[in-house]
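Biologist: I am new to this structure and should like to learn how its features are read. May we go through them together?

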Amino acid sequence: KAAPGDKTIIDAVHPAAEAFAAALDAGKSLAEAGKAAAEAAQAGLDSVTPLRNKVGRASWVGERTEGKVDPGCAVCVAVVKALNEA
């Protein structure tokens, strides 16, 4: 039920996947595509951090989630970065 902008893991996964695919389509190397994915995932996390969680377990906390990092989104960023560094 989550969509980009709802402050969930989707906000990191979606831009990372799009950036990875776009880089590969542009003829970039796998390493360059991984770097683009990691940067896009981080940008997605940064863009939703000021927002309020709308979906998921954190949504019931309401306004107290504003300005806080979404844990699922942060884990996704960490995984994408780790995969890129491996």
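**Reading helices and their packing**

Modeller: Let us begin with one residue of this predicted model. Lys 81 has a relative accessibility of 33% and therefore counts as partly exposed, since partly exposed lies between the cut-offs of 20% and 50%.

Biologist: Where is Lys 81 found, and which residues is it in contact with beyond its neighbours within four places in sequence?

Modeller: Lys 81 belongs to helix 3, which covers residues 71–85. Leaving aside neighbours within four places in sequence, Lys 81 contacts Ala 38 and Gln 42.

Biologist: How should one read the packing of two helices?

Modeller: Two packed helices are described by the angle and the distance between their axes. Here, the axes of helix 1 (residues 10–25) and helix 3 come within 7 Å and cross at roughly 35°. Helix 1 contributes Asp 11, Ala 12 and Val 13 to the contact, and helix 3 contributes Cys 73, Cys 76 and Val 77. By kind, these residues divide into 5 nonpolar, no polar and 1 charged.

Biologist: Which residues of helix 1 are buried, and what covers them?

Modeller: Buried means under 20% relative accessible area. In helix 1, the buried residues are Asp 11, Ala 12, Ala 16, Ala 19 and Ala 23. Seen down the helix axis, they fall within an arc of 110°, so they line one face of helix 1. Their cover includes helix 2 (30–48) and helix 3.

Biologist: What comes just after helix 1?

Modeller: Just after helix 1, Gly 27 takes a positive phi of about 85°.

How values were computed
Residues are numbered from 1 along each chain as its sequence is written. This is a predicted model: local features need pLDDT of at least 70, side-chain atom pairs count only at pLDDT 80 or more; totals for chains, interfaces and linings use all residues. Side-chain values use heavy atoms; hydrogens and water are left out. Helices (H or I, at least four residues) and strands (E, at least two) are DSSP runs, numbered from the N terminus. Buried means under 20% relative accessible area, exposed over 50%, partly exposed in between (1.4 Å probe, protein chains only). Contact means heavy atoms within 4.5 Å. Axes are lines fitted to C-alpha atoms, for helices over the stretch in contact, and angles run from 0 to 180 degrees between N-to-C directions. Ala, Val, Leu, Ile, Met, Phe, Trp, Tyr, Cys and Pro count as nonpolar, Asp, Glu, Lys and Arg as charged, and the others, Gly among them, as polar. The arc is that of the directions from the helix axis to the C-beta atoms.
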